[in-house]
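Me: I'd like a close look at one part of this model, and then a sense of how it fits with the rest. Take your time over it.

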Amino acid sequence: MSTHNITVTVNGQAHSADVESRLLLVHFIRENLRLTGTHIGCDTTHCGACTVLVDDHAVKSCTMFAVQAEGADILTIEGVANPDGTLHALQEGFREMHGLQCGFCTPGMIVRAWRLLQENPAPSEEEIRMGIAGNLCRCTGYQNIVKAIQYAAAKLAGAPVQEAAQ
Ligand code: FES
Ligand code: FES
């Protein structure tokens, strides 16, 4: 069994571990670090439930080996809240606009949307839909997810936010 020592920073905290070459990043995050907010929703790399940021790129962490993350700065859903512990605008948006039902896709959606709003702070509805095209939601029909991201974009820009979804 081949192992390698890796050091990564996850949500601002440095971690060092010996990992097998075959260990997927998502399993390292969930099992080694016990950060179980990053979900596994498929075995075909298409659902996006496992999305994390790796050096500011939204990545499906089931498509990457842990050893490939050596030296990387990783953000998971557990690191999204504001430093004072209040909800990030995206988390607030998903709550206010009913952007989830079962919630299984939500961590990956929020992390993907985080990057989307970094790249484009004022996305159109079409740009939001394109931006989350790699993240599947099996419950909501996406409409309120789009509204949640629009809510967050408005809030982060200091603009008035929409009324809560019905
Ligand atoms: S678990 Fe990674 S894409 Fe589905
Ligand atoms: S809220 Fe259930 S999969 Fe998206």
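Which residue with a positive phi follows helix 2? And what covers the buried residues of that helix?

Reply: The residue is H98: it comes after helix 2 and has a positive phi, near 55°. Most residues other than glycine have a negative phi.

A word on the ground rules. This is a predicted model, where local features need pLDDT of at least 70 and side-chain atom pairs count only at pLDDT 80 or more, while totals for chains, interfaces and linings use all residues. Residues are numbered from 1 along each chain as its sequence is written, chains are lettered from A and ligands numbered from 1 in the order in which they are written, and side-chain values use heavy atoms, with hydrogens and water left out.

Now the helix itself. Helix 2 spans residues 89-96 (helices are DSSP runs of H or I, at least four residues, and strands are runs of E, at least two, numbered from the N terminus). Six of its eight residues are buried, so helix 2 is mostly covered (buried means under 20% relative accessible area, exposed over 50%, partly exposed in between, with a 1.4 Å probe and protein chains only). The buried ones are A89, L90, Q91, E92, G93 and F94. As for your second question, the cover includes helix 3 and helix 5.

E92 deserves a second look. It counts as buried because its relative accessibility is 14%, and it still carries a salt bridge, to K155, with the closest N and O atoms 2.9 Å apart (that is, a side-chain nitrogen of Lys or Arg within 4 Å of a carboxyl oxygen of Asp or Glu). The pair joins distant parts of the chain, 63 residues apart, since K155 belongs to helix 5, residues 143-156. K155 is partly exposed, at 39%. Side chains of opposite charge can pair when their charged atoms come close. Helix 2 has another pairing to show: E96 meets R95 in a salt bridge at 3.4 Å, N to O, and E96 is partly exposed, at 27%.

Both helices that help cover helix 2 turn up again further along. Helix 3 covers 106-119, and P121 sits in the loop between helix 3 and helix 4. P121 is exposed, with a relative accessible area of 54%. Its C-alpha is 6.1 Å from that of A153, although the two are 32 residues apart along the chain. Helix 4 runs over residues 125-131 and holds both E125 and R129, four residues apart, about one turn of the helix. Those two form a salt bridge with N and O atoms 3.0 Å apart at the closest. E125 is partly exposed at 36%, and so is R129 at 32%. The structure holds five salt bridges in total.

H98 has company in its backbone angle, too. T45 has a positive phi of about 60° without being a glycine; its loop runs between helix 1 (25-32) and strand 3 (51-54), and it is partly exposed at 38%. D55, also not a glycine, has a positive phi of about 50°. That one lies in the loop between strand 3 and strand 4, partly exposed at 42%.

For contrast, try S61, in the loop between strand 4 (57-60) and strand 5 (73-75). S61 is buried, at 0% relative accessible area. Beyond its neighbours within four places in sequence, S61 is in contact with L24, L25, V26, I29, T38, C50 and V52 (contact means heavy atoms within 4.5 Å).

Zooming out, there are five helices and five strands, in the order β-β-α-β-β-β-α-α-α-α from the N terminus. The radius of gyration is 16 Å, close to the 15 Å the globule rule gives for 166 residues, so the chain is as compact as a globular protein of that length (the radius is over C-alpha atoms, and the rule is 2.2 Å times the number of residues to the power 0.38). The C-alpha atoms fill a box of roughly 55 × 35 × 25 Å along the principal axes. Buried residues make up 45% of the 166. Of the contacts with a separation of 6 or more, 57% are between residues 24 or more positions apart.
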